[in-house]
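Trainee: Could you show me how to read pockets, buried side chains and aromatic pairs in a model?

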Amino acid sequence: MPVPIGDNAFYLDGVRSKGPVDLEQTFETLRDGGGFGWIGMYRPDAAELQAVADEFGLHPLAIEDALQGHQRPKIERYGDVLFIVLRSARYLDAPEEVEFGEVHLFIGANFAITVRHAESPDLGRVRGRLEREPDLLALGPQAVLYAVFDEVVDEFAPVIEGLRNDIDEIEDQLFEGHPAVSRRIYELAGETMSLQRATHPLDAMLVALEKGYDKYGVDLELQRRLRDVRDHVIAVVERVDSFRATLENALTVQATVVSQAKSEEMQALSEAAISQGEQVKKISGWAAILFAPSLIGSVYGMNFELMPELEWAWGYPMALGLMLATSVTLYIVFKVKGWL
């Protein structure tokens with residue numbers, strides 16, 4: 001029974017043949033010798049992948065990794081078969097976030113098997129590009145390895161551009177008091193860390209491939225192209241690391257801005273409390289000054305017959321003088337103490 005797959009082709013001297021239409025025909029064609037097969041699989045189930053594994057003798061551990069997904073980028077060799085895991089990424093403009101994908105490659109002497117678990121990388125574009133370069137495709141499965149590697153690295157460019165724009169927006173919002181800036185910084189920091197995990201291992205993987213160029217007879221042209229991919233990888237890693245440092249600085253600045261805002265708020269509250277206290281002291285001082293004459297006036301305003309000074313000619317002037325003297329004394333006291 002034929003096993004359904006994403007794309008399946010046989011190449012001879014860099015040119016795609018008209019068949020086969022299913023895996024069984026691909027297996028038969030490869031057994032006849034000459035050329036190589038490129039089998040592309042998109043989220044295969046266990047039966048689909050096992051059919052390929054049985055035909056090409058793929059290692060069970062590699063098959064398990066390819067089925068489960070969520071693997072770190074790595075390169076491993078099982079006999080004559082090279083197993084590679086790459087983490088891809090693409091920037092989604094609408095939600096302004098990074099979506100990560102994964103692709104597994106099995107590279108043998110006469111076959112290349114790609115297992116994709118997400119929309120990226122665009123292996124259809126990779127296949128189309130190689131088919132337009134038959135001289136490169138004629139180099140065999142290793143050309144597929146180079147092209148997929150190159151596509152994954154190239155797809156990091158728009159991701160980096162998208163993250164750069166997001167970081168620029170955050171830098172503008174930092175001093176504007178935007179309420180959601182802290183959360184956005186944390187989200188971008190998480191995406192940047194994931195991008196670091198996807199890109200940092202690539203340089204070591206390319207170095208490992210380079211060590212096997214002579215042993216496995218990698219064509220000189222492919223060596224040059226893979227070195228160019230490594231140059232791009234180094235540039236990508238440096239940009240991603242700079243983003244991480246920028247976001248860490250942004251978090252520090254945000255914490256400082258928040259702390260400064262709270263400090264200014266507390267200072268404003270303190271100043272308001274001090275100002276209010278000064279007003280209370282002034283009110284209290286004037287109330288005391290006005291209270292003394294009122295007290296004296298209320299005492300001498302009592303209409304009892306047996307009160308001192310009622311018959312005294314200087315009683316009225318004395319009461320007024322006492323009121324004035326008390327008020328002036330209290331005024332001087334409050335003034336010296338800074339209440340008025």
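Mentor: Let's take aromatic pairs, then a glutamine, then the pocket. This is a predicted model, where local features need pLDDT of at least 70, side-chain atom pairs count only at pLDDT 80 or more, and totals for chains, interfaces and linings use all residues. Residues are numbered from 1 along each chain as its sequence is written, and side-chain values use heavy atoms, with hydrogens and water left out.

Trainee: How many aromatic pairs are there by this rule?

Mentor: A pair of aromatic rings is described by the distance of the centres and the angle of the planes. Rings of Phe, Tyr and Trp (its six-membered ring) pair if their centres lie within 6.5 Å; planes under 30 degrees apart are stacked, over 60 edge-to-face, and the rest tilted. The count here comes to five aromatic pairs. One of them, Tyr11 with Trp38, is tilted, at 6.4 Å centre to centre and 45 degrees between the planes. Tyr11 lies in strand S1 (residues 7-12) and Trp38 in strand S3 (residues 36-42), so the pair ties together parts 27 residues apart in sequence. Strands (E, at least two residues) and helices (H or I, at least four) are DSSP runs, numbered from the N terminus.

Trainee: Are Tyr11 and Trp38 buried or exposed?

Mentor: Buried means under 20% relative accessible area, exposed over 50%, and partly exposed in between (1.4 Å probe, protein chains only). Tyr11 has 0% and is buried; Trp38, at 1%, counts as buried too. Tyr11, Phe36 and Trp38 form one aromatic cluster.

Trainee: What holds for Gln223 in helix H9?

Mentor: Gln223 counts as buried because its relative accessibility is 13%. A polar atom of its side chain lies 2.9 Å from the backbone oxygen of Val218. Setting aside neighbours within four places in sequence, Gln223 is in contact (heavy atoms within 4.5 Å) with Tyr213 and Val218.

Trainee: And which residues lie nearest the centre of the largest pocket?

Mentor: On a 1 Å grid over the protein atoms alone, a pocket is an open set of points where a 1.4 Å probe fits, with protein on both sides within 12 Å along at least five of seven lines; lining residues have an atom within 4 Å of a point. Here 22 residues line the largest pocket, and Arg77, Leu82, Gln142, Tyr216 and Val218 lie nearest its centre. The space in this pocket is about 430 Å³, a volume being the space filled by probe spheres set on grid points joined across faces, edges and corners. Helix H6 gives the largest share of the lining, three residues.

Technical notes
Polar contact = N/O pair within 3.5 Å; in protein donor to acceptor, adjacent residues only side chain to side chain.
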